[in-house]
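Me: I would like to go through this model with some care, beginning with how far it can be trusted and then moving on to its parts. Please reason briefly before you settle on each value or name.

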Amino acid sequence: MLKFPKNFEFGASISALQTEGHGCTKTGLNTFDAFFDKSPELFFNQVGPQLTCDITTYYKEDIAMFKTIGFDSLRTGFAWARLFPDGETLNEEAVIFYHDYIREYKKNHIKLYMTLFHFDMPLWAYQEGGWSSRKVINKFVKYAEFVFKEFHDEVDCFVTFNEPLVPVFEGYLGKRHYPGIWNPQEAIKQAYGIFLAHSKVIKLYRKLKLKKPIGVVYNWNYTYPLSNKPQDLKAAQLHDAYVNRGPLDIMFNGKISSLLIESLKEYNLLPPYSTEEIAIIKDTKIDFLGINYYFPTRVRQVDNIKSARWGLEEVVAEIPKTANVNPFRGWEIYPEALYDIGMTIKNEFHNIPWYIAENGIGVENEESYRDQSGLIQDDYRIKFLTNHLQIIKEVMNQGSNCFGYHMWAALDCWSFRNAFKNRYGFIEVDLTDMSRRFKKSAFWYQELIKNKEVHD
Ligand code: BG6
């Protein structure tokens, strides 16, 4: 049995776009609306972002269920496109909605983390160039300023970005996010714009002298070399500089990896920047770090390195045949990486307070696990969470400053292109009548939170 400290926060996360759909107020379109309009066949069962669990309608019922489980805290976010549908005009209805929504968490004593950006780029912002446009970045800062001034007293912690580089990797080097093109030059420009936007928002927050903690949530798919061969160790360092520690270091404390800069120079990919911008980035300091952890990345050097068109093509990621993999998502299950993450934060990130902002398992066709009473017996989820919590406790025992754990997701959410293919929630959502029901894991988590104890 593992005992967690009394003040350790157990909770869960969700996101605005994945739970709100078009929702109870008017909203501007975002890139996933455009993506779905253009290629509905790419979305699982052709379900687009309009059909979610509709939390804007059902939030009182949902938050009451969160309270029943006993969440200490929860993370969701604001939708930029709902608050500023055209980028300029404030949607008063949305302001009223978010006040009511946040108040409901407060009434139920659930500490609230609010994210400013979780993959939900307003369409107008994309059309103006996305994060490579300084105009868009400045509008993002204005949106952040509005949020801080309007909601600071009610929100407990702010998060600038969730998994900041995922929309870049998936949209400009892959096909899961809009625009689904392959363009490293543009990807680097977008990534740089995100770093700048994050730093400008933090700068503003400090200028406003706001006191609630502000941080960033990063998906740390911890990098391991596939072998001890020198070229694979080198590949791992490069991968880390591009994907994990490199960007994290920039957003954590404005430290830019020289390996990353050298590699970008080699391929002529340095983005346009100014010394004033770099000074703002270098000045960034956050109060806490949220880590989303689902899987590690194991890499080796690509066979024909000479054919690489940019730095990341020198590296290839592979899942070893012997690895334990979630077959529904194709992600390796490796809780041990949390130990390495926790120790790296302790030793190299000034032991900053950190928490698991997302961790969970997505499973297809959970219906088949329903017992005669109608309860989904999601023992696989209980096992997954237990295994990860064990490692978290281990690294805390070594002095790593982990203060909480949020499971993804509080309830079944719509997901990017996968829609409702993989279910992640403690609470199932029946999309035919929008009814909600606890899964077995919700009762397990309720017990765990009550005693702050994990039974192994
Ligand atoms: C994280 C995201 O990457 O993983 C969530 O922050 C997402 O938004 C979650 O839903 C699970 O991934 P997926 O793609 O299976 O929904």
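Me: What is the mean pLDDT of the protein?
Reply: This is a predicted model, and the predictor gives the complex an ipTM of 0.99 and a pTM of 0.98. At the level of residues, 100% of them reach a pLDDT of 70 or more, and the mean pLDDT of the protein is 98.

Me: In the open sheet of three strands, what is the order of the strands?
Reply: The pairing in this open sheet is mixed. Its edge strands, each of which pairs on one side only, are E7 (223–225) and E10 (315–317). Direction ignored, neighbouring strands of the sheet are turned by 40° against each other on average. Read across the sheet, the order is E7-E9-E10.

Me: Which residue in E9 is the bridge partner of Pro-225?
Reply: Strand E9 covers residues 297–301, and E7 pairs with E9 in the parallel sense over three bridges. In E9, the residue that is the bridge partner of Pro-225 is Val-299.

Me: Which helix lies across E7, E9 and E10?
Reply: The helix in question covers residues 230–243 and lies across these three strands. Its direction makes an angle of about 125° with E9, and the helix is H10.

Me: Does Glu-332 count as buried, partly exposed or exposed, and why?
Reply: Glu-332 lies in strand E12, which covers residues 331–332. Leaving aside residues up to four places away in sequence, Glu-332 touches Phe-295, Pro-296, Ile-319, Ala-323, Asn-324 and Val-325. A residue is buried if 20 or more other C-beta atoms lie within 10 Å of its own and exposed if 12 or fewer do. Because Glu-332 has 18 C-beta neighbours inside 10 Å, it counts as partly exposed.

Me: How far apart in space are Glu-332 and Pro-320, C-alpha to C-alpha?
Reply: In sequence, Glu-332 and Pro-320 are twelve residues apart. In space, the distance between Glu-332 and Pro-320, taken from C-alpha to C-alpha, is 9.0 Å.

Me: Which helix contributes the largest share of the largest nonpolar core?
Reply: The largest nonpolar core has 115 residues, and those with the most contacts inside it include Phe-78, Leu-289 and Ala-410. Among the residues that Ala-410 touches are Ile-14, Phe-66, Leu-74 and Phe-426. Apart from this core lies another, of ten residues, among them Ala-241, Val-243, Val-299 and Leu-312. The largest share of the largest core, eleven residues, comes from the helix that covers residues 184–207, H9.

Conventions: Residues are numbered from 1 along each chain as its sequence is written. This is a predicted model: local features need pLDDT of at least 70, side-chain atom pairs count only at pLDDT 80 or more; totals for chains, interfaces and linings use all residues. Two strands pair if DSSP finds at least two bridges between them. Helices (H or I, at least four residues) and strands (E, at least two) are DSSP runs, numbered from the N terminus. Axes are lines fitted to C-alpha atoms, for helices over the stretch in contact, and angles run from 0 to 180 degrees between N-to-C directions. Two residues are in contact if their C-beta atoms, placed from the backbone, lie within 7 Å. pLDDT is the predictor's confidence in each residue, from 0 to 100. A nonpolar core is a set of buried Ala, Val, Leu, Ile, Met, Phe, Trp, Tyr and Cys residues joined through C-beta atoms within 7 Å.
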